[in-house]
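Trainee: Before the terms are accepted, I should like each of them to be justified against its definition. Could we begin with the strands and proceed from there?

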Amino acid sequence: MDQAVSGFQRVPAEDLAWLGTDPVPAAPYYDPVYFEAERQAVFLKNWIHVGHVCEVPEPGSFVRRDLEFARASLLIVRGRDSAVRAFHNVCPHRGTQLVEEASGRQTKFSCPYHMWTFGTDGALMSAPDFEAFHVDKKDCALREVLLQVCGGMMFVNFDAGAAPLRDWMGAYAERLEQMPVARATTFAEYTYEIEANWKLTYDNFQENYHLRFIHPRSGGAGIGGANQFGYPVSMGFEGPHRTQRIWSNPEPTLKPFQRTGAMRGIPALAQAGLLGLPYERDYLAFFPNLFVIGTPTQPFSHTVYPIAPDRSRGVVRVYWVGDDASASQRFAREYSLAQIRDIHAEDIAMIERGQRGLTSGALSHIHFQSMEALCRHLFNEVDSRVQAHLARGAETA
Amino acid sequence: MMQNEGLLPPAFATLEPFVERWALPRTADRAARRSASTPEEREAFFRAAGPRLDEALDYLDARALRDLDGPDRRLMDLMLGLAHVALAVEIQGPDEVKSAPWRDRMRIVRSSADREAA
């Protein structure tokens, strides 16, 4: 059958052959040595998504973000000068963690232990009996971590010498800026812990090969006609980042209530100018562990934070422009959140099952087909950094 | 509260038996109730309230969301509960029981609908 005529053209395998076609080693998905190298060469060296500027709307607004991969707690604060900064949530006096609250708004931050007090710019403002110390106040500021923003999304980098965020994002910076998330003022969030490697977890959301088997009911609208697997219509790569355009099913099978639930949110989206944006069918993935979806009725981000070789934490946020303004809008947002959560719930069962199989050591290699090219690209980008890191370690030794 | 005031606006009085179980103030509570209910309870609620969704939202849209209280507020919460139950009945169907434990691991920590509910 002519696929173009019937509404779907599969990305030719030869267009993706540059990524390689060999089996991929299985150990990187469970080996603690590999995991430690990833932590150092990938997570401590790249821009990592930590939140959205709408969480810190005013001077003094702060959020605390605990990042297991860095063994760090960060205090992310909007200063009186309106700049957003990230600091280690650590008092430079003797290391006490400053803030226990997950979020809030304060004009200053006092360490409960000895009352060293810091401004929203991290500078030490006062410390009792400071004359008895043998150090200058200017050397006692909170330790800053690079934080930069693109499309409303905040990223940190633990490598003080890192290239700027926008350079690292390349051409995808502008795409992110044209997605609904860039205009978001609020969001819904759910989180989960999963007994699985971060790559195995993340990979689930990079391929559609599993849709018809794992989401036969919940994902029905994205499968059908000439595209029985719901494969993407295009794929793209930009440095370590990647994208795919989700296929638009010309004849989606929507249930009556489901259709109503979606339609109820449309007028407000149209009014806000959120329909017909250029990347509204796109999945946009930023290396290593974030992806963002441009779909106006369900604009979500998904970040998978590594905890251990076989344990991760997922954070899913559905981003909205403006507070709920009507009953219909509130209903549509609730339905959208609950719907994507249903789909993700089906995924995590299968991901943990995959981890148990891999951790057994039964396999030396796993396989990616051409429509799993995004998974292969992530592995390639991780592995080149890990191998370089291990080679440097070997040289040093 | 007026003595004769119903749980819901008069036009929706037939849905009052579902208020106690399904009109909950927060998204996480509504999601949890879906999991904690029986298929019979979900189907009865969906059968009775599903066909009234458009009518209920039209009624509520004519009022300021921020000012909803009493029967109107309960009607809003009831429809939000219906969003979760509809997914269970209309979409998941026989898979609902199997997927519930996995879904419950996805902890809802924030929702735009929660802001005024606290």
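**Strands, helices, domains and confidence**

Mentor: In this predicted model, E13(A) pairs with strand E14 (residues 241–245) of chain A in the antiparallel sense, over 5 bridges.

Trainee: What makes E13(A) and E14(A) a pair?

Mentor: Pairing requires at least two bridges between the strands. E13(A) and E14(A) have 5 bridges, so by that cut-off they count as paired. Within this pair, Glu238(A) stands opposite His241(A). The hairpin of the two strands has 2 residues between them, and there Gly239(A) takes a positive phi near 55°.

Trainee: How do you know that E12(A) and E1(B) are paired, given that they belong to two chains?

Mentor: The criterion is again at least two bridges. E12(A) and E1(B) are joined by 3 bridges and run antiparallel, so the criterion is met. Thr191(A) stands opposite Arg107(B) in this pair. The two strands belong to an open sheet of 8 strands, in the order E13(A)-E14(A)-E15(A)-E16(A)-E17(A)-E18(A)-E12(A)-E1(B), with antiparallel pairing.

Trainee: Why are strand E13 (234–238) of chain A and strand E1 (107–110) of chain B called edge strands?

Mentor: Each of these two strands pairs on one side only. From one strand to the next, the twist of this sheet averages 20°.

Trainee: Which strands stand at the edges of the open sheet of 7 strands in chain A?

Mentor: That sheet has the order E2-E11-E10-E5-E4-E3-E6, with antiparallel pairing. Strand E2 (48–52) and strand E6 (103–105) of chain A stand at its edges; each has a single partner strand, so one side of each is left without a neighbour in the sheet. The twist here averages 30° from one strand to the next. Inside the sheet, strand E3 (residues 61–67) of chain A and E4(A) pair antiparallel over 6 bridges, with Leu67(A) opposite Ala72(A).

Trainee: What makes Ser82(A) noteworthy in its backbone angle?

Mentor: Most residues other than glycine have a negative phi. Ser82(A) is not a glycine, yet its phi is positive, at about 75°. Ser82(A) is placed in the loop between strand E4 (72–78) and strand E5 (84–88) of chain A.

Trainee: How do you know that the peptide bond between Phe287(A) and Pro288(A) is cis?

Mentor: Its omega is about 0°, and the bond is cis. Most peptide bonds are trans. Pro288(A) lies in the loop between E15 and E16 of chain A. Those strands, E15 (residues 282–286) and E16 (residues 290–293), run antiparallel and are joined by 4 bridges; Ala285(A) stands opposite Phe291(A).

Trainee: What makes the contact of H3(B) with H5(B) nonpolar for the most part, by class?

Mentor: The contact has 9 nonpolar, no polar and 2 charged residues. Arg and Glu count as charged, so Arg42(B) and Glu43(B) of H3(B) fall in that class. Among the other residues in the contact are Phe45(B) and Phe46(B) of H3(B), and Leu78(B) and Val85(B) of H5(B). Helix H3 (residues 39–49) and helix H5 (residues 70–92) of chain B pack at an angle of about 120°, with their axes 9 Å apart.

Trainee: How many residues of each chain are in contact with the other, and which element of chain B gives the largest share?

Mentor: A pair counts as a contact when the C-beta atoms lie within 7 Å. On that basis 34 residues of chain B are in contact with 37 residues of chain A. H5(B) provides the largest share of chain B's side, 10 residues. By class, that side has 17 nonpolar, 8 polar and 9 charged residues.

Trainee: Where are the bounds of the two domains of chain A?

Mentor: Domain 1 covers 1–46 + 164–397, and domain 2 covers 51–161. Their C-alpha centres lie 31 Å apart. The contact takes 23 residues from domain 1 and 15 residues from domain 2.

Trainee: Why should residues 1–5 of chain A be read with caution?

Mentor: Where pLDDT is low, the predicted coordinates should not be read in detail. Over residues 1–5 of chain A, pLDDT stays under 50. Chain A as a whole averages a pLDDT of 95, and chain B averages 93. The model scores ipTM 0.96 and pTM 0.96.

Definitions and conventions
Residues numbered from 1 in each chain as written. Chains lettered and ligands numbered in written order. Predicted model: local features only at pLDDT ≥ 70, side-chain atom pairs only at ≥ 80, totals over all residues. Axes fitted to C-alpha atoms, helices over the stretch in contact; angles between N-to-C directions. Contact = placed C-beta atoms within 7 Å. Domains from an automatic or database assignment. pLDDT = per-residue confidence, 0-100.
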